[in-house]
Amino acid sequence: MILSIDQLTVRSGQQNIIQQASLSIPKGAWYALVGQSGSGKTLLAQALGQMLPPNLTASGRIQFKGEELLGMAPERIRALRGRSISYVFQDYHGSFTPFRRIGQHFDEVLKTHTTASPGDRKRQALEALVSIGLGEELYSSYPSQLSGGQLQRVSIALALLLSPDLLIADEITTALDSVSGHTILQLLASRQQQTGCTILFITHDWRHVKRYADRIAVMKSGEIVESGSKHVLLDHPKHPYTRMLIQSSPTLPTPKGYLLSGLKEVNPE
Ligand SMILES: Nc1ncnc2c1ncn2[C@@H]1O[C@H](COP(=O)(O)OP(=O)(O)OP(=O)(O)O)[C@@H](O)[C@H]1O
């Protein structure tokens, strides 16, 4: 396992917002965390990188590649967050400084975390832009000159720049139209194939879960009520809440004779 969360509780004063959540993510997995709005998905992701709002406290254990993240020294967690664990958020605008060109954003990450020369940093930034299907000319553009889909692609390239072991993708397609959202996820899937990074994928959208995830955890009111492989969870959900979420998802079309997960049904009636 690359990440094991054990009995994670997040509190605001006396109130538990996340209660004893446990989940284990195998290396290289695309692990979907689903649940209705307000169930605690974002706070769980924030707790991993010690990024919780200051009024909240976390307890329990979070092991990442054998190191305990909760209570880790600030300089160590900052170093991990830059290199081994990276985040992409729904609000991609928040990842950019408006008066800095796109190239400067890449340069800053490389300057902070590597000893690469200025020439090398520029070359790596240009390669990163090309790797996400964008033109090198965007290196000199300002964030406001890019579309939402382009900016979100750049945030993914920035997040993957230092080849992290774990990418936390929190509702990364929510602010995009469905075509751009689809392009982003295709891109992420191909980058995952190239880099082997593990993805914690927070989403509301079961169509994306069905298409990309290989494992799923379902969160309800701060608790993980069910987790397992995509096939087992989609085709044989145990918890009533999981069944309700799947049934109320917009459409999960399945051809006759196939299960929701895409597996062929054995002996369909
Ligand atoms: N700083 C905070 N102090 C107190 N409560 C908070 C704080 N931040 C979030 N919450 C509450 O914690 C709960 C979980 O929030 P969280 O953002 O993790 O939900 P979520 O599942 O990610 O929802 P969404 O899908 O809408 O992003 C919500 O009820 C939210 O109002």
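Which helix gives the most residues to the shell around the ligand? In this predicted model, the answer is helix H1, which spans residues 41–48 and supplies three residues to that shell. The shell as a whole is a good place to begin.

In total, 14 residues surround the ligand. The closest are Ser37, Gly38, Lys41, Thr42 and Asn55. Sorted by character, the shell holds eight polar residues, four nonpolar ones and two that are charged.

Several individual contacts can be picked out around the ligand. Lys41 uses its side chain: an N or O atom there is 2.9 Å from an oxygen atom of the ligand. Leu43 takes part through its backbone, where a polar atom is 2.9 Å from a ligand oxygen. Ser39 also contributes a backbone atom, an N or O that lies 3.0 Å from an oxygen atom of the ligand. Taken alone, the ligand would expose 640 Å², and the protein buries 64% of that area.

The next step is the division of the chain. The protein is split into two parts: domain 1, made of residues 3–84 + 164–247, and domain 2, made of residues 95–161. Domain 1 is thus written as two stretches of sequence, whereas domain 2 is given as one. Measuring over C-alpha atoms is the basis for the next value: the centres of domain 1 and domain 2 are 26 Å apart. Where the domains touch, domain 1 provides 14 residues and domain 2 provides eleven residues.

The size of an interface is often given as the accessible area lost when the parts come together. Between domain 1 and domain 2, about 1,100 Å² is buried, and carbon and sulfur atoms give 74% of this. On the domain 1 side, the residues that lose the most area to domain 2 are Ile184, Leu187 and Arg191, which together make up 37% of what that side buries.

A last stop is Ala189. This residue lies in helix H6, which covers residues 178–195. Which residues does Ala189 contact, leaving aside its neighbours within four places in sequence? They are Trp30 and Tyr212. Ala189 can also be compared with Ala213, which is 24 residues away along the chain. The C-alpha atoms of Ala189 and Ala213 are separated by 9.8 Å.

Key:
Residues numbered from 1 in each chain as written. Predicted model: local features only at pLDDT ≥ 70, side-chain atom pairs only at ≥ 80, totals over all residues. Heavy atoms only, no water. Near = heavy atom within 4 Å. Polar contact = N/O pair within 3.5 Å; in protein donor to acceptor, adjacent residues only side chain to side chain. Areas by Shrake-Rupley, 256 points an atom, 1.4 Å probe, with all protein chains shown as cover. Helix = DSSP H or I, 4+ residues; strand = E, 2+ residues; numbered from the N terminus. Nonpolar A, V, L, I, M, F, W, Y, C, P; charged D, E, K, R; others polar. Domains from an automatic or database assignment. Contact = heavy atoms within 4.5 Å. Buried area = accessible area lost by both parts, 1.4 Å probe.
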